[in-house]
Amino acid sequence: MSAKSMHVQENHFRMLELRLWLLLAVAALAVAGGLALGLALARTPGIQDVLPSGPAFFHKALVTHVVFSFQVWLLTMLAALAATGAAHPGSGLLGLGLAAIGVALMLAVTLAGWGEASLNNYVPVLDHPLYFVGLGLVGAGVAAALWRPGTGLAAVGWCYGVALACFAVAVWRLPAELDPAFRLERLFWGGGHVLQFVNTGLVMAAWQILAGHRPTLLSRLAFGLLALGASAALVVEIRFDPQGLAWRQAYTDLLWYMLPLPPVLLAVDVLAGAWRRLDWHSLAGWALLASWLVFALGGGAGFALGAGDTRTPSHYHAMIGGVNVALMGMVLCVLLPRLQRPVAASRLPRWQIGLYGGGQLLHALGFYLAGMAGVARKTAGAEQGLDSAFKLVSMGVVGLGAAVAVLGGILFVGQVLARLVRHD
Amino acid sequence: MAGLAFLALAAWWPGWRGGEQPLGQAVDPAAFVAETEAFATRHQAGQTVRPPPGAVPLLARRFEFWPPLALDPGESYRLRLMAQDSVHSVAVNGREMLLVPGHVQDIDVAPGDQLELRCNEYCGLGHNRMRLKLY
Ligand SMILES: [Cu+2]
């Protein structure tokens, strides 16, 4: 075979890999959306008895909804990004197969109603061996895609390795006879924190791609600091007992001190580089601005963390929203065109990103205002004490924002699935 | 490069093992549970317990702090908390203590405090409900 035809063939497999990772990522979102519908139904008397595993279905569906729309979506998008430039599409396709089997296993366990639901932080799980096998397969599959030359994501790959190491060390150090809720919480606490470095690295890379930004000294420094921050987790593991309070708080401190600076540095660098060059009216410019706006609000709300009111969910929702807007923009503006499957209508993607970003912005803003007025987090109904018009209006904005964001999310999944599946 | 970064971090944070917060006074768990139950019966007042100023034994368990209390805002108390079933925690005034079966942690309540006990260690599906207003 000539060098040229080998190159063509490798490129063919690379495009196939990218398309399949995207398909898995968007399919995970679609399933998460379907489960969210099930969540609503599970609260409806009469219907709940027909659902798999009856009324207990609510918590089980909630677990898999979170895992698919958060961990699986973000990690498979990371793998898709890695696939765009990496060598060895073979190992990427192998990883993709593993991840797909893992996703299918977790969905099967959910629908069969196996295992107890545990809503521990970061990675909630169904406490069933097959669910853990599914998680492990997704983790290994993403590693296979990420840990190869040419991805341009070395720092993120390092953070991901540290996260997996933290999970492994936790499995080894936490005795099996601990109370299951406590054990699962501690099992996913350390690595779950480090995964936030991975997610931050992912959004940083997405910003660069949206802006057509080339690496500079400052951007390298930003990714270096990110990798350094994640590495500090290894020190926490050496110094503290994973059953203690100091260990748990050390991870909170780790995010507080080490996570904010890298994305800010990178955003400054991207902005400085793209200021004149980038067409801010283009879809990519629009997605970049929307992502930064939502992200900035989330960062601001981050200063109120620990107050125990709804400014905490405001922070989380805005952060995830800001990441997702950038990823959606990257799929629509960069990845689909690269697959020669661009979205034809130019209006729809703009609306889609506007609805999703605007909805997330309203959602987070409502939570923020409600929190300032003193609404406690993770409460519902009469417990919330919505005793003033201001609190009522702000919680109304939360609901409205969620509805608008969900509409934007459905539009995204529909558009992208249609482009990925259609044969042309 | 990564190895160097790791070494730098280990050196920057002096000391090999980190300090752990104390778990509190060691007690016989069964005796403490019996003591709390007797105390609650003695000071029962309707739906809640109205203890006299001073030491008040309390249990943290899925998914409540027990017994429910109605303290006098003008008095001083020493809440003595032990976890009954598995690990919980309690956060008061920005300070958090881990609650472990067999160990008792003290919280001093001064006149004028407006405290609410809240579990801060995930302990199961009812974890978010695990709160107690003291007044
Ligand atoms: Cu608890």
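These are my notebook entries on the copper site, strands, cysteines and aromatic rings of a predicted model.

**Conventions.** I number residues from 1 along each chain as its sequence is written, and chains are lettered from A and ligands numbered from 1 in the order in which they are written. The model is predicted, with local features needing pLDDT of at least 70 and side-chain atom pairs counting only at pLDDT 80 or more, while totals for chains, interfaces and linings use all residues; side-chain values use heavy atoms, without hydrogens and water.

**Copper site.** I looked up the protein donors of the copper ion (N, O and S atoms within 2.8 Å of the metal, or 3.2 Å for Na, K and Ca; water is not among the atoms, so sites may look incomplete). They are B:His88 (ND1), B:Cys119 (SG), B:Cys123 (SG) and B:Met130 (SD), at 2.1 to 2.6 Å from the ion, and along the chain they follow the spacing H-x30-C-x3-C-x6-M. The arrangement is tetrahedral because the four donor atoms subtend angles of 92 to 124 degrees around the copper ion, where four donors need all angles between 85 and 135 degrees. Both B:Cys119 and B:Cys123 are buried (under 20% relative accessible area, with exposed over 50% and partly exposed in between, using a 1.4 Å probe and protein chains only).

**Strands of chain B.** I then turned to strand β6 (residues 77-83) of chain B, where six of the seven residues are buried; strands (E, at least two residues) and helices (H or I, at least four) are DSSP runs numbered from the N terminus. Strand β4 (residues 54-61) of chain B pairs with β6(B) in the parallel sense over seven bridges, pairing requiring at least two DSSP bridges, and B:Leu81 is the bridge partner of B:Leu58. Strand β9 (residues 103-109) of chain B runs antiparallel to β6(B), joined to it by five bridges, and here B:Leu79 has B:Ile107 as its bridge partner.

**Cysteines.** My search of the whole structure for disulfides (cysteine sulfur atoms within 2.5 Å) found zero over all chains. A:Cys159 is in no disulfide, the nearest cysteine sulfur being that of A:Cys166, 11 Å away. A:Cys159 counts as buried because its relative accessibility is 0%.

**Aromatic rings.** I counted eight aromatic pairs over all chains, taking rings of Phe, Tyr and Trp (its six-membered ring) with centres within 6.5 Å, and planes under 30 degrees apart as stacked, over 60 as edge-to-face and the rest as tilted. A:Trp207 and A:Trp292 form an edge-to-face pair, 5.9 Å centre to centre with 70 degrees between the planes. This pair links helix α6 (residues 180-211) to helix α10 (residues 283-302) of chain A, its members being 85 residues apart.

Key
Tetrahedral: all angles 85-135°; square planar, octahedral: opposite > 155°, others 65-115°.
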